[in-house]
Structure formats: C-alpha cells, structure tokens
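Let's take a friendly walk through this fold, from its sheet to its largest pocket. Have a look at the model first.

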Amino acid sequence: MSDTSLTDAFNTMHPQLKSSAVLGLYNGTTWIYYDFAQRIRLTPVEGGHNTTSFAELDRDVLVAARDKLVELGGKPPQLPPEAPTLNKPPRGLNP
C-alpha cells in the first residue's frame, strides 16, 4: 500500500484552477478535468473526451479534487450527500 495521500497525488499532477467550478489536472502529457458544476470528469480519448458522471467515481477522490479546487481559489458547489448504506438484513423467502 502506498503512503502517498490523495492530496499529494493531486499535487504531483499539477492541479490548476480552470474556472471557479473546474479543476484541471495535468500529468505532463494529459489533462483531466473535474467539472463540479456539471458533475462530470472529462478524460481524453482518441478523437475526443470520455465523460464520467460523478456518481460513478470514488467519493474520496471527488472530495480531494473539490478540496484542491477550493484551495486554489475555486468556488465549486457542494457535493451531494453521500448515499446512505443500506444495512438491511438479507431478506429470506417467506413460506
């Protein structure tokens, strides 16, 4: 397991404020954008961009990206509350 925190990982990817709600991450060859207004991540693919909804991404990564954007002077909207974990017992068959 790596000792690198998410904050350190974002710092090594050269984070930049692209707008008050968009964080750009650059690793030397590729830009990745976290758009908090539209709640999507844009990653490059051949011939365009791949769009991934925030609902499909790891919440810890989104929180770290949002924190970095705020640290850089951005004013992104709050993330929606984390979905509650269902702690219901497994349902058996009724006779």
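Here is a short tour of the sheet, a helix, one residue and a pocket.

This is a predicted model, where local features need pLDDT of at least 70, side-chain atom pairs count only at pLDDT 80 or more, and totals for chains, interfaces and linings use all residues. Residues are numbered from 1 along each chain as its sequence is written, and side-chain values use heavy atoms, without hydrogens and water.

Five strands (DSSP runs of E, at least two residues, numbered from the N terminus) form an open antiparallel sheet in the order E1-E2-E3-E4-E5; strands pair if DSSP finds at least two bridges between them. E1 and E5 each have a single partner strand, so one side of each is left without a neighbour in the sheet.

| Strand | Residues |
|---|---|
| E1 | 15-19 |
| E2 | 22-26 |
| E3 | 31-35 |
| E4 | 40-45 |
| E5 | 48-53 |

E3 and E4 are joined antiparallel over three bridges, and tyrosine 33 stands opposite leucine 42 in E4. Helix H2 (residues 59-71) lies across E1, E2 and E3.

Which residues does threonine 43 touch, beyond its neighbours within four places in sequence? This residue of strand E4 is in contact (heavy atoms within 4.5 Å) with Ile32, Gly48, His49 and Asn50. Threonine 43 counts as buried because its relative accessibility is 16%, and buried means under 20% relative accessible area with a 1.4 Å probe, protein chains only.

Finally, the lining of the largest pocket includes Phe54, Ala55, Arg59, Leu62 and Pro80, which lie nearest its centre. A pocket here is an open set of points on a 1 Å grid over the protein atoms alone, where a 1.4 Å probe fits, with protein on both sides within 12 Å along at least five of seven lines; lining residues have an atom within 4 Å of a point.

Conventions:
Helices (H or I, at least four residues) and strands (E, at least two) are DSSP runs, numbered from the N terminus. Axes are lines fitted to C-alpha atoms, for helices over the stretch in contact, and angles run from 0 to 180 degrees between N-to-C directions. Buried means under 20% relative accessible area, exposed over 50%, partly exposed in between (1.4 Å probe, protein chains only).
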